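Colleague: Could you walk me through the cysteines in this one? I'd like to know how they pair up and where they sit.

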Amino acid sequence: MPLVFWAIVYSASFSLFEDTVQKWRLYRNECIENVLSQPDSLTGDFCHRFFDMHICWPDALPGTRVNVSCPWYIPWIDRVDKGSAFRYCTEKGSWLMDNYTNEPWVDHSECDEDHVFLHQQLVKQQTLSTFRFVYTAGYTLSLITLIGASLTLISFRKLHCMRNYIHLNLFGSFILRAIAVLVKDVLMDNLHAGNGNVSVELQTADPDMATMWCRSSQIFLHYSVLCTYHWLLVEGLFLYFLLIVSVFTEQKCFLVYLLIGWGVPLIFVFPWIIVKFLQENSGCWRQNTNMSFWWIVRSPLLLVIIINFAIFIRIIILLISKMRSHQTHNTDFKNRLTKSTLILIPLLGVHEIFFIFITDENAKGILRYIKLFVELLFGSIQGLLVAVLYCFINGEVQNELKKKLQLWKMKRNLRKSRRRYCSGQRENFDSTGQYIEMGTRDDLESPNTDEGLLNTLSSNQGLNSEITELPRQASEILLNATAV
């Protein structure tokens, strides 16, 4: 799912360390409860049980060699699961000491990590670092493009309509998602480089300010991703109502859309925060020890994907029927249907359906990396695709930009003409002593003058100055879009 890889990608080694620390705490607690807190089983002189911060050692008789299985919390346990660590209990009933360290001697060579594991971790970290570079570039491009698209739709009054209002909110959710990802990565890098912030706090009950910032970024990320998917759902519902429902009130529906897009995600985020605080209150809340807690934020994403996929199929069926009734050439029919399908995929997030049944806990080996790369790539550039398709190559937006550019050129040319005219009038004034009154710059740039310039420009170049009324039927929107 789109949320799981944030706990994996930013640093493989740090994520592995955090997971190991959590398992180590469980191992330590089990040692305290099952071994250290139990009454003594031996009498007289004997070597007493203790926890050396790595392995839990039981009581031992004098003159015996004690072996304990390798602790299960080490990441490479599957390669040393049959190995053991050793200590000697001397005849005096004390653990054999190491003359060099003045600590009880221990042989844990069978539990040490091997070169194969280190090589695997190195390859994994290099692969995930490449993935991170890809999605960082994707989110950066998406952020810049989405901001530009939002400003464009806001700037032109003639583009203000229900359809573009929904697009603006979708752009806003993608912007929040990109910011959340980029900020979270920067924060994680700083915490990791600090060598003592979050890592040390994993062993304490009260997190410091660094951990609080880390958790806040995690919460913000979850909320932004949920908002993105719910605004994709709103886009699907809007198209569905235009196609299927004959009569509906746009203004009332827009209030419902706002509630779905920005309010419904809070219904899932707040319970997740409460559960993590009460049950898994450690670290940055990135690890999911109990996967049932993870379903609190995963289930709404799956539901949105399924609903939008059903809407996508219904719209495609309706488009096919309309195209067959209007198109006579088979080639043109296929081309327009293909364009309509490609335009709808990023708007409804249909690509997510391909991995919906492959959960993160079930994806292993190369399949996990393929799934991770596809989700990272398309998740990072989805905002870029939406902004380009529904703003920059939209015919209405291009017409407004062309008119604005033509108006700017006309005003620039008039300013140049005015300067030349003023120079000529000065020469005439100097030679004849007559004064010719000129219009002011404010008059030239007044709103009425702009409208007059635009009308003059349109009439001289044969352009139509009136903007075609925005189509109200979704089928016409999609058919017109495919012709662009």
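**Cysteine pairs**

Modeller: Let's start with one pair: the torsion about the S-S bond of Cys47 and Cys89 is about 95°, so this disulfide is right-handed. It links distant parts of the chain, with Cys47 in the loop between α2 and β1 and Cys89 in strand β4, 42 residues apart. Bear in mind that this is a predicted model.

Colleague: How many disulfides does a search of the whole structure find?

Modeller: One joins Cys31 to Cys56, another is formed by Cys47 and Cys89, and Cys70 is joined to Cys111. The search of the whole structure gives a count of three.

Colleague: What is the handedness of the disulfide of Cys70 and Cys111?

Modeller: Their sulfur atoms are 1.9 Å apart. The torsion about that S-S bond is about -90°, so the link is left-handed.

Colleague: How many residues apart in sequence are the parts that Cys70 and Cys111 tie together?

Modeller: Cys70 lies in the loop between β3 and β4, while Cys111 lies in the loop between β4 and α3. Both cysteines are buried. The pair therefore ties together parts whose separation in sequence is 41 residues.

Colleague: Is Cys161 buried or exposed?

Modeller: Buried means under 20% relative accessible area. Cys161 has 15% relative accessibility, so it counts as buried.

Colleague: And which helix holds Arg419?

Modeller: Arg419 belongs to a positive surface patch, along with Lys409, Arg412, Lys416 and Arg420. Its place is within residues 395-432, which is helix α11.

Terms used
Residues are numbered from 1 along each chain as its sequence is written. This is a predicted model: local features need pLDDT of at least 70, side-chain atom pairs count only at pLDDT 80 or more; totals for chains, interfaces and linings use all residues. Side-chain values use heavy atoms; hydrogens and water are left out. Patches are made of residues with over 30% relative accessible area and no salt bridge: like charges are joined within 9 Å, nonpolar side chains (Val, Leu, Ile, Met, Phe, Trp, Tyr) within 5 Å. Accessible areas come from the Shrake-Rupley method with a 1.4 Å probe; for residues, only the protein chains shown count as cover. A salt bridge is a side-chain nitrogen of Lys or Arg within 4 Å of a carboxyl oxygen of Asp or Glu. Lys and Arg count as positive and Asp and Glu as negative; His and the chain ends are not counted. The place of a charge is taken as NZ of Lys, CZ of Arg, CG of Asp or CD of Glu. Helices (H or I, at least four residues) and strands (E, at least two) are DSSP runs, numbered from the N terminus. A disulfide is a pair of cysteine sulfur atoms within 2.5 Å. Buried means under 20% relative accessible area, exposed over 50%, partly exposed in between (1.4 Å probe, protein chains only).
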